[in-house]
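Biologist: I'm new to reading protein models and would love some company. Could you take me through one part of this one slowly, and explain how its pieces fit together?

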Amino acid sequence: MGKAKSGKKSSKFKLVVINLLAMLAVVVIVPYIVLVWIDSYTNHGESCPVPDVCGMQLDEAKELLRSKNLDLEIVDYKYKKGAAENEIVEQRPVAKSLVKEGRKIMLVMNSLNKPMVALPSVTDNCSLREAEARLKSSGFVVSGVLQQDGEKDWVYSVLCDGKELHNGENVARGSNLVLVVGNGNNPARKESVIDEGYFE
């Protein structure tokens with residue numbers, strides 16, 4: 001009887017040990033195997049530097065990025081002075097950033113069409129100094145000032161390539177504008193003085 005009881009105890013003990021080992025395998029070994037598989041699947045810890053493709057044409061950039069196992073996507077077009085049509089002017093992530101293989105590099109291409117901007121309300125509405133500040137903040141270049149008879153430094157008109165512009169008119173950003181301002185000679189005031197003197 002004693003041997004039978006000790007045999008049962010020993011088989012129960014073995015069963016407990018086997019169960020504990022099985023639980024240990026489930027809790028420790030299986031997650032470890034899963035993590036190793038995920039690392040290998042996602043290339044964990046492996047990255048490559050993003051090449052600089054700004055200034056390149058699309059075909060050239062595509063070839064370079066694909067040679068590094070990177071993909072690309074055109075996300076926007078913007079005007080950049082001096083850049084060729086369809087030249088890459090921006091990239092995200094920037095050059096030398098470390099990314100995983102297969103990552104999409106977002107590209108911004110150059111467009112030859114300058115963005116249009118509404119001309120601020122400066123004609124017959126402000127002084128030369130105010131007009132220059134408003135125009136510059138809107139992206140225009142004040143390239144010259146012409147004078148005519150009128151109130152000193154009052155803006156009477158805005159010209160672009162010799163054409164008179166109107167407040168609110170759409171004009172290409174970066175355009176060179178010429179302001180026509182008063183020189184301080186006010187003919188209307190002189191006439192009124194002459195008239196007053198004449199009737200005295």
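Modeller: Happy to; what follows is a walk around one sheet and one residue in it. Please keep in mind that this is a predicted model.

Let's begin with the whole chain, to get our bearings. The chain holds four helices and eleven strands. Of its 200 residues, 25% are buried. Its accessible surface is about 14,000 Å², and carbon and sulfur atoms account for 56% of that.

Now for the sheet. Four strands make up an open sheet, and reading across, the order is β7-β11-β8-β9, with mixed pairing. At the edges lie β7 and β9 (163-165), each of which pairs on one side only. On average, neighbouring strands in this sheet are turned by 30° against each other, if direction is ignored. As background, the strands of a sheet pair through backbone hydrogen bonds, and the pairing can be parallel or antiparallel.

Let's look at one of those pairs. Strand β7 runs parallel to strand β11 (residues 176-182), and eight bridges link the two. To find one of these places yourself, look for glutamine 147, whose bridge partner in β11 is valine 181. The sheet also has a helix against it: helix α3 (residues 128-137) packs there and touches β7, β8 (155-160) and β11. The direction of α3 makes about 165° with that of β11.

With that frame in place, we can zoom in on valine 142. This residue sits in strand β7, which covers residues 141-152. Is valine 142 buried or exposed? Its relative accessibility is 19%, and because buried means under 20%, valine 142 counts as buried.

What does valine 142 touch, once neighbours within four places in sequence are set aside? The answer is Glu132, Leu135, Leu177 and Leu179. You can place these contacts using the residue ranges: helix α3 spans residues 128-137, which takes in Glu132 and Leu135, while strand β11 spans residues 176-182, which takes in Leu177 and Leu179. Valine 142 thus has contacts with Glu132 and Leu135 as well as with Leu177 and Leu179.

Sequence and space can tell separate stories here. Valine 142 and glycine 174 are 32 residues apart in sequence, while their C-alpha atoms are 9.5 Å apart in space. For the chain as a whole, take the contacts between residues at least 6 apart in sequence: 71% of them join residues at least 24 apart.

Technical notes. Residues numbered from 1 in each chain as written. Predicted model: local features only at pLDDT ≥ 70, side-chain atom pairs only at ≥ 80, totals over all residues. Heavy atoms only, no water. Buried < 20%, exposed > 50% of the residue type's maximum accessible area, 1.4 Å probe, protein only. Contact = heavy atoms within 4.5 Å. Areas by Shrake-Rupley, 256 points an atom, 1.4 Å probe, with all protein chains shown as cover. Pairing = 2+ DSSP bridges. Axes fitted to C-alpha atoms, helices over the stretch in contact; angles between N-to-C directions.
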